[in-house]
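Me: I would like to learn how to read a protein model feature by feature, starting with its open spaces and moving on to its charged pairs and its backbone. Could you take me through one case?

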Amino acid sequence: MNILTYDIEDWFHMLDIECTATEAHWRNFKPRIHANVDRLLELTLLHGHRATFFCLGWVGKHYPEIIRRIDELGFEVASHSYMHQLVYQQTQHQFREDLRRSICTLEDITGKKIKTYRAPGFSFIRGNTWIVEALLENGIERDSSIFPIERGHGGYKSFGRARPSLLGCASGQIKEFPIGVGNILGKKLVFSGGGYFRLMPFWVIQKLTNQTDYVMTYFHPRDFDVDQPVLNIPYYRRFKSYIGLKGAYKKLDLWLAGNRFIDIEAADKLVNWTKAPVVMMQSCSGRFE
């Protein structure tokens, strides 16, 4: 099961960077999202794949034509929040309002129910279990917010094996599609998106793809934008944000040409949810057991 997803945000929607922290900062930057999204749409269509597009509500407000084109081409439109803020830095009220706003904005554009969500930075970590209740309240059926190893924004190392699972609380269950994980010499690592994909040689990515029965990708338009401005940020963030840009688009082209990918909506139908592992919570406001 190879699942193709894109996080639709602009090149300046970076997390934990002071100069890109708020909407007021974003107004200082020239958008590059139109051409970058077009390239991803064209490449995905060229290879005949389906994909889920996790879209910022903010993008929908300012550039509804982008969301409309994604939908009209037959791709699944999903929520990636409205303001692209880390979940664990928000109060429950702030998160619920951001989620509701993103869903309403995207639904107003497409006329279709938004059923799938991904948190910015995969910031669904242990202790933020109230997010599941909020998703259920807003009609979300599928989530892809869990990064099952350690990462800069926390990650969820104790989640267990990366595979479709059910997250449960007193008010119901949500279908979870975590980020996929490969294994090299006994070490778990992510290879299917972001800087990991840009950094790794193609032959390593393909080898891990062949060895793994569940691949969840996550790409951003900026991952393939060689000409994007370089922000004045700390060296380690500059490395993570800009490494491998030059060859990333060709690498994606090769990967899409040599493998079959589906979207989350199709993957949902292939999973036998009666046999999926269930991660239960002690309560809707408690921690995972």
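Reply: What follows is a walk through pockets, salt bridges, a helix and a few single residues of this predicted model.

Me: Let us begin with empty space. What is the volume of the largest pocket, and which residues lie nearest its centre?

Reply: The general idea is that rolling a probe the size of a water molecule over the atoms shows where empty space is left. Here the largest pocket comes out at a volume of about 750 Å³, and its lining is made up of 35 residues, with R151, G195, Y196, Y218 and K240 nearest the centre.

Me: Which helices and strands each supply at least two residues of that lining, and which gives the most?

Reply: Two strands, β7 (150–151) and β12 (187–189), and two helices, α7 (194–199) and α9 (235–242), each contribute at least two residues, and of the contributors α7 gives the most, with 5 residues. Sorted by class, the lining of the largest pocket holds 13 nonpolar, 10 polar and 12 charged residues.

Me: What can be said of the second largest pocket?

Reply: Its volume is about 310 Å³, and of the 15 residues that line the second largest pocket, R161, A162, V181, G182 and K188 are the closest to its centre. The lining of this second pocket divides into 5 nonpolar, 5 polar and 5 charged residues.

Me: Now to the charged pairs. How many salt bridges are there?

Reply: In general, side chains of opposite charge can pair when their charged atoms come close. With a limit of 4 Å between a side-chain nitrogen of Lys or Arg and a carboxyl oxygen of Asp or Glu, the count for this model is 14 salt bridges.

Me: Which parts of the chain does the pair of R118 and D7 tie together?

Reply: The side chains of R118 and D7 meet in a salt bridge with an N to O distance of 2.8 Å. R118 sits in the loop between β5 (116–117) and α6 (130–137), whereas D7 belongs to strand β2 (residues 5–8), so the pair links parts that are 111 residues apart in sequence. R118 is buried, at a relative accessible area of 0%, and D7 is buried as well, at 2%.

Me: Is K112, by contrast, buried or partly exposed, and what does K112 pair with?

Reply: K112 forms a salt bridge with D71, and their closest N and O atoms are 2.9 Å apart. Because K112 is in the loop between α5 (92–110) and β5 while D71 is in helix α4 (residues 64–72), this pair ties together parts that are 41 residues apart in sequence. K112 is partly exposed, with a relative accessible area of 46%, whereas D71 is buried, at 12%.

Me: Which residue pairs with R198, and which residues are linked in a network?

Reply: R198 forms a salt bridge with D223, the closest N and O atoms being 3.1 Å apart. Here helix α7 holds R198 and the loop between β13 (215–216) and α9 holds D223, so the bridge joins parts that are 25 residues apart in sequence; both R198 and D223 are buried. In addition, E76, R142, K175 and D268 are linked in a network of salt bridges.

Me: How should I read α5, and what covers its buried residues?

Reply: A helix can be read by its span and by its surroundings. In α5, 19 residues reach 27 Å from the first C-alpha to the last, close to the 27 Å expected at 1.5 Å a residue. The buried residues of α5 include F95, L99, I103, L106 and I109, and among the elements that cover its buried residues are β3 (52–55), α3 (57–62), α4 and β4 (76–79). Just after this helix, G111 takes a positive phi of about 75 degrees.

Me: Which residues other than glycine have a positive phi, and where do they lie?

Reply: One of them is H84, with a phi of about 55 degrees, placed in the loop between β4 and α5 and buried at 5% relative accessibility. Another is F122, whose phi is near 50 degrees; F122 is found in the loop between β5 and α6 and is buried, with a relative accessible area of 3%.

Notes
Residues numbered from 1 in each chain as written. Predicted model: local features only at pLDDT ≥ 70, side-chain atom pairs only at ≥ 80, totals over all residues. Heavy atoms only, no water. 1 Å grid on protein atoms, 1.4 Å probe; cavity = no way out; pocket = protein on both sides within 12 Å on 5 of 7 lines; lining within 4 Å. Points joined across faces, edges and corners; volume = space filled by probe spheres on them. Helix = DSSP H or I, 4+ residues; strand = E, 2+ residues; numbered from the N terminus. Nonpolar A, V, L, I, M, F, W, Y, C, P; charged D, E, K, R; others polar. Buried < 20%, exposed > 50% of the residue type's maximum accessible area, 1.4 Å probe, protein only. Expected span 1.5 Å × (residues − 1). Contact = heavy atoms within 4.5 Å.
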